[in-house]
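Visitor: I'd like to learn how to read salt bridges and burial in a model. Can you walk me through it?

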Amino acid sequence: MALVNLADQAKPFYDWVEKQAKMVTGSHKSFNEIILSCSKEELKNIIQACYLDNNDEKPFLFDGIGRVYNHSKACFYFFAWLIRDAPQQRLSPLISRMQKVNDIKKIIAEIDTLTELIFEYRDIVKNFEWTTIREIVIDRLEGSRRSISGHHIESNVRMGLITAIQHFFSIYHNYGQYKKVEIADKQIKVGRHTVDISAKLYPKNGSEAISLLIPVKTRETEGGGHSHIFSRDILAAINDIKKERGHYHIAVIIVAENWSVSEISTITEEIDEIFHFNMSPNKFHGFDDKSQIILNKYIENVLKGKI
């Protein structure tokens with residue numbers, strides 16, 4: 001998935017911050033107008049409201065390979081990006097020194113620093129509209145992607161999942177039947193099997209979290225007898241996962257040429273959804289528009305409890 005498409009999935013976070021700004025100031029104006037005209041105290045209160053919001057239903061912010069930042073880091077990065085600063089390289093060392101000198105908590109040091117910087121430089125920066133911030137997000141995602149080794153197919157699939165979840169949030173401003181969604185930033189072990197992409201869905205009624213598991217299978221060879229062997233391996237893993245996890249949803253991603261249609265049908269009977277990309281793995285760059293829409297609908301049905 002192109003970085004521009006991934007950057008678009010940060011729009012719900014921008015909209016959420018705008019909502020916080022409107023609630024703090026009581027203003028009906030846009031986020032851009034509020035940031036350019038609010039007092040320093042109001043600005044601090046806006047940033048603080050974002051940091052301290054204890055509502056579980058908040059949108060995501062993420063790095064260049066789709067790993068989700070925890071909420072405090074997401075707020076820190078977002079407001080630093082607003083002022084065109086590099087949070088990790090430039091601001092973090094400054095904040096660490098501030099903590100030591102003033103003996104204050106990290107969150108206070110971050111909020112105070114961001115408030116001072118944005119208030120001081122907002123007239124120079126001048127523009128906080130989403131179309132402008134989107135370009136900053138693209139640049140930051142590209143920088144983080146370059147700095148992260150091991151960018152591969154799983155990262156593109158994780159981005160597709162984030163896109164589907166953010167799409168749902170942008171429409172409904174919640175996670176359906178769930179109060180919180182946590183996307184794993186790396187592979188997880190389920191019994192003796194490794195699952196490439198996964199998320200935990202926490203029901204609003206407080207019952208046990210449900211696992212969303214997305215194994216990713218790739219093969220350079222072209223189908224034939226290989227597809228039967230690989231399908232058998234997938235089915236064995238699915239059956240073992242079902243024994244390990246009482247509450248789950250499973251979707252499988254296959255990236256391989258000429259996989260047997262009958263084998264795909266056999267796998268489909270055992271899971272929620274299957275995506276077969278009929279191409280060599282080195283040509284896979286993420287979900288195309290058609291498959292992303294299918295994934296969006298699948299995730300919508302999961303979050304609404306229709307599956």
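Guide: Here we go through salt bridges and then one helix residue.

Guide: This is a predicted model, where local features need pLDDT of at least 70, side-chain atom pairs count only at pLDDT 80 or more, and totals for chains, interfaces and linings use all residues. Residues are numbered from 1 along each chain as its sequence is written, and side-chain values use heavy atoms, with hydrogens and water left out.

Visitor: How many salt bridges does the rule give?

Guide: A salt bridge is a side-chain nitrogen of Lys or Arg within 4 Å of a carboxyl oxygen of Asp or Glu. By that rule, the count is ten. One of them pairs Glu57 with Lys204, with closest N and O atoms 3.2 Å apart. Glu57 sits in the loop between α4 (40-52) and α5 (71-82) and Lys204 in the loop between β4 (197-203) and β5 (210-214), so the pair ties together parts 147 residues apart in sequence. Helices (H or I, at least four residues) and strands (E, at least two) are DSSP runs, numbered from the N terminus.

Visitor: Is Glu57 buried or exposed?

Guide: Buried means under 20% relative accessible area, exposed over 50%, partly exposed in between (1.4 Å probe, protein chains only). Glu57, at 16%, counts as buried, while Lys204, at 47%, is partly exposed.

Visitor: Which residues does Leu303 touch?

Guide: Contact means heavy atoms within 4.5 Å. Leaving out residues up to four places away in sequence, Leu303 touches Phe168, Tyr175, Gly176, Gln177, Tyr178, Val181 and Leu201. Leu303 belongs to helix α12 (residues 289-303) and is buried at 2% relative accessibility.
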